[in-house]
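Grab your viewer and a pencil. Here are a few exercises to work through, each with a solution.

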Amino acid sequence: IYNVEFGTDLAKFVREGNTRGLFEGRKVYGLLTGEPEYLDPLGEEAPEGWFETGYPWYDIQDGPGKAFVDEYKAAYGDGPKIGSLVGYMTAKSIAALLTKAGSTDTPALLEAFKDLKVETPVGEITYRDIDHQSTMGAYVGTTAVKDGKGVMVDWSYKDPTPYMPSDDEVKAMRPAN
């Protein structure tokens, strides 16, 4: 498990680690390296076999995720990054909130936010009333290099619901006042 500042530092970490054999014979588990923002700049130097979260837009074959990718590519000439997906889902969430509230008054927005459901490229998500957490999951897989580019392989989309704290656990962590 590693912890580095991302951006150019991740590229440096991977390059220096490969040069020094840091990853040889070791399993690497981390967050975010499977995102295009981090894999794309590494190209053929991308790490292989790391267990990561990310966004394998290039491998999504159907449903609302594929429609989002196709529309994005048509509009911008490139595949979406995770920031594109999250930004789009944020805008969709705000629009759904305003539609449900029917107003921009704070009390109406607060009421509308309770168990707000939003259709997104990853499927329907909900903002849980008890703690306002989104049920957006994560793509989890392994990093690899294909055609000179870093990609995620053997990935799956994980619904977070089984991993989130139960209502009782949330209540125990948050005082009633």
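What follows is four short exercises on this predicted model.

Before starting, note that residues count from 1 along each chain as its sequence is written, and that side-chain values use heavy atoms, with hydrogens and water left out. Since the model is predicted, local features need pLDDT of at least 70 and side-chain atom pairs count only at pLDDT 80 or more, while totals for chains, interfaces and linings use all residues.

**Exercise 1.** Work out what span helix H4 should have, and check it against its ends.

Step 1: Helices are DSSP runs of H or I with at least four residues, strands are runs of E with at least two, and both are numbered from the N terminus. H4 covers residues 82-101, which makes 20 residues.
Step 2: The expected span is 1.5 Å times one less than the number of residues, so H4 should span 28 Å.
Step 3: The end C-alpha atoms of H4 are 28 Å apart, which agrees.
Step 4: Right after H4 comes Gly 102, with a positive phi near 65 degrees.

**Exercise 2.** List the buried residues of H4 and find what covers them.

Step 1: Buried means under 20% relative accessible area, exposed over 50% and partly exposed in between, using a 1.4 Å probe and protein chains only. On H4, that picks out Ile 82, Ser 84, Leu 85, Met 89, Ser 93, Leu 97 and Ala 101.
Step 2: Look at the spacing: an α-helix has 3.6 residues a turn, so residues three or four places apart point the same way.
Step 3: The cover includes helices H2 (36-42), H3 (63-76) and H5 (106-113), plus strands S1 (51-54), S2 (116-120) and S3 (123-127).

**Exercise 3.** Which element gives the largest share of the largest nonpolar core?

Step 1: A nonpolar core is a set of buried Ala, Val, Leu, Ile, Met, Phe, Trp, Tyr and Cys residues joined through side-chain atoms within 4.5 Å. The largest has 19 residues, and Tyr 55, Leu 85, Val 122, Ile 125 and Tyr 139 touch the most other members.
Step 2: H3, H4, S2 and S3 each give two or more residues to this core.
Step 3: H4 wins, with five residues.

**Exercise 4.** How do S2 and S3 pair up, and which face of S2 is covered?

Step 1: Strands pair if DSSP finds at least two bridges between them; S2 and S3 have five and run antiparallel.
Step 2: The two strands form a hairpin with two residues between them, and Leu 116 stands opposite Tyr 127 in S3.
Step 3: Leu 116, Val 118 and Thr 120 make up the covered face of S2, while Lys 117 and Glu 119 are on the uncovered one.

Technical notes. Contact means heavy atoms within 4.5 Å.
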